[in-house]
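Thanks, everyone. Let me put the model up, and then I will walk through it site by site.

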Amino acid sequence: MISLVSIKIDEDVRQTVDKVLQSGQLAEGPVVKEFEDSFAAYNGTPYAVAVNSGTAALHLALLAAGIKPGDEVISTTFSFIATANCCLYCGAVPVFIDIDYDTYNMNPDDIEAKITPKTKAVLITHLYGQPCDMDKIVSICKKHGLILIEDACQAHGAEYKNRKTGNFGIGCFSFYATKNLMTGEGGMITTADEKTAAKMKAMRNHGRSGQYLHDTLGFNYRMTDIAAAIGIGHLKKLDDHNARRNKNAAFLTEEISKIPGLIPPVIGPDRTHAFHQYTIRITKDFGITRDELQARLKELEIVSNVIYPVPIHLQPLYKQLGYTDSLPVSEQAASEVLSIPVHQDLTESDLKTIVQGLNNAR
Ligand SMILES: *Cc1c(COP(=O)(O)O)cnc(C)c1O
């Protein structure tokens with residue numbers, strides 16, 4: 001079977017985990033600190049704060065940014081639901097805008113029309129591992145005094161103009177089991193601001209300000225030293241894995257470009273892609289539907305996945321909340337996209353099988 005993800009825990013990683021197990025200190029301790037330092041150094045970000053999920057990272061980033069009940073946060077509808085849900089956790093209102101047809105990322109040209117006196121922040125997602133159009137987004141945020149938060153949960157190591165994601169605003173990463181850098185469950189928040197980092201460190205540990213002293217409402221969002229040990233080992237492999245994903249993506253794109261009705265991913269200018277997902281569009285010209293194609297691939301034991309079949313504004317939860325937006329580019333994408341394997345451990349023969357499968361599907 002050719003799966004969408006390859007999860008291998010190498011011997012070197014198992015050894016660092018074993019050291020933590022032998023130490024007996026399993027909860028947050030020196031290894032978490034070491035992981036934060038190495039992630040900050042890798043990412044080129046002054047501060048990194050480890051937490052136990054990408055969702056926790058987003059929640060603390062919004063709280064540290066001062067997002068309060070009733071505030072509006074401009075965000076993308078074409079993302080994992082956690083992006084928008086974290087606004088709801090803060091009592092804030094996610095205001096959805098549509099995506100760019102080619103990159104599936106938030107269309108910056110639509111931001112300004114949605115700004116109101118209640119708008120406090122812009123929350124972007126670097127979807128599938130591709131950075132957003134950062135020059136435009138950063139300049140709009142500056143012009144209107146809005147805080148920028150990056151959901152970089154799929155974009156570890158991806159760069160815009162030679163700067164890694166998580167360096168443009170408050171950066172939120174996930175280390176969930178299927179992500180390019182994984183610790184099972186886990187997350188990291190990056191920031192250039194010392195006070196923001198300190199706030200998030202306190203809030204991940206029940207707002208602790210001293211020995212059993214608490215001055216703010218916090219949570220238990222602590223990472224374990226076990227997860228951090230896995231993270232330190234996997235961080236060393238990230239660039240190699242991303243390079244292999246890119247090599248596989250280049251092969252797939254060259255071949256898929258020749259197949260009428262299929263559109264390979266488009267990489268925008270001035271950026272590199274982490275290829276967390278390799279996502280194609282199946283248009284009417286292909287001859288069979290997306291779901292039929294997915295079934296054909298399944299017969300060949302090639303796993304594919306629709307990421308995401310329902311944009312956030314159309315999710316039952318958001319309909320119950322009263323959302324009635326129509327965001328046609330996202331809705332079209334939801335009906336046309338299919339993510340196919342691109343992971344670092346695909347063999348040449350796997351790649352050929354995938355291309356053959358796509359070619360013979362009609
Ligand atoms: C994975 C992911 C999250 C949530 O991360 P968890 O670690 O699963 O909480 C948020 N946003 C996006 C875009 C993701 O891909």
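Start with serine 53. Serine 53 caps the N-terminal end of α3. Its side-chain oxygen sits 3.3 Å from the backbone nitrogen of threonine 55. Keep in mind that this is a predicted model.

Stay with α3. How many of its 11 residues are buried? Nine of them are, so the helix is mostly covered by the cut-off of under 20% relative accessible area. The buried set is Gly54, Ala56, Ala57, Leu58, His59, Leu60, Ala61, Leu62 and Ala64. After α3 comes glycine 66. Its phi is positive, near 85 degrees.

Now the ligand. The ligand sits in the largest pocket. Two elements give two or more residues each to the shell around it: α3, residues 54-64, and α4, residues 81-89. Which of the elements gives the most? That is α3, with three residues.

In total, 16 residues surround the ligand. The closest are Gly54, Thr55, Asp151, Ser174 and Lys179. Here are some polar distances. Glycine 54 uses its backbone: a polar atom there is 2.8 Å from a ligand oxygen. Threonine 55 uses its side chain, with a polar atom 2.5 Å from an oxygen of the ligand. Glutamine 154 also places a polar side-chain atom by a ligand oxygen, at 2.9 Å. How much of the ligand does the protein bury? Alone, the ligand exposes 380 Å², and the protein buries 91% of that.

So threonine 55 turns up twice. Its backbone nitrogen is the partner of the serine 53 cap. Its side chain has a polar atom 2.5 Å from the ligand.

Next, asparagine 43. Asparagine 43 lies in helix α2, residues 30-43. Is asparagine 43 buried or exposed? Its relative accessible area is 3%, so it counts as buried. What is its side chain doing in there? A polar atom of that side chain lies 3.0 Å from the backbone oxygen of threonine 165. Beyond its sequence neighbours up to four places away, asparagine 43 touches Lys164, Thr165, Gly166, Asn167, Phe173 and Thr190. Thr165, the residue with that backbone oxygen, is therefore among the residues that cover a side chain at 3% accessibility.

Now two aspartates. Take aspartate 71 first. Where is it? Aspartate 71 is in the loop between α3 and β2, residues 72-76. Its relative accessibility is 8%, so aspartate 71 counts as buried. Its side chain has a polar atom 2.7 Å from the backbone nitrogen of lysine 68. Leaving aside neighbours within four places, aspartate 71 contacts Gly66, Ala92, Val93, Lys118 and Lys120. Gly66 we have met: that is the glycine with positive phi that follows α3.

Then aspartate 215. Aspartate 215 is in the loop between β11, residues 213-214, and α7, residues 225-256. Buried or exposed? Aspartate 215 is exposed, because its relative accessibility is 58% and the cut-off is over 50%. Outside the four-place window, aspartate 215 is in contact with Gly207 and Ser209. One distance to note: its C-alpha is 9.7 Å from that of methionine 203, 12 residues apart along the chain.

Last topic: backbone geometry. Two tyrosines have positive phi.

Tyrosine 104 comes first. Its phi is near 65 degrees, a positive value in a residue other than glycine. Tyrosine 104 lies in the loop between β3, residues 93-97, and β4, residues 119-125. At 5% relative accessibility, tyrosine 104 counts as buried.

Then tyrosine 128. Its phi is positive too, about 65 degrees, and it is not a glycine. Tyrosine 128 is in the loop between β4 and α5, residues 134-144. It is buried, at a relative accessible area of 3%.

One more tyrosine, with another feature. Which residues does the cis peptide bond join? They are isoleucine 307 and tyrosine 308, with omega about 10 degrees. Tyrosine 308 is in the loop between α8, residues 290-299, and α9, residues 316-320.

That is the tour. I am happy to go back to any of these sites.

Notes
Residues numbered from 1 in each chain as written. Predicted model: local features only at pLDDT ≥ 70, side-chain atom pairs only at ≥ 80, totals over all residues. Heavy atoms only, no water. Helix = DSSP H or I, 4+ residues; strand = E, 2+ residues; numbered from the N terminus. Buried < 20%, exposed > 50% of the residue type's maximum accessible area, 1.4 Å probe, protein only. Polar contact = N/O pair within 3.5 Å; in protein donor to acceptor, adjacent residues only side chain to side chain. Contact = heavy atoms within 4.5 Å. Near = heavy atom within 4 Å. Areas by Shrake-Rupley, 256 points an atom, 1.4 Å probe, with all protein chains shown as cover. 1 Å grid on protein atoms, 1.4 Å probe; cavity = no way out; pocket = protein on both sides within 12 Å on 5 of 7 lines; lining within 4 Å. Sits in = over half its atoms within 2 Å of the grid points.
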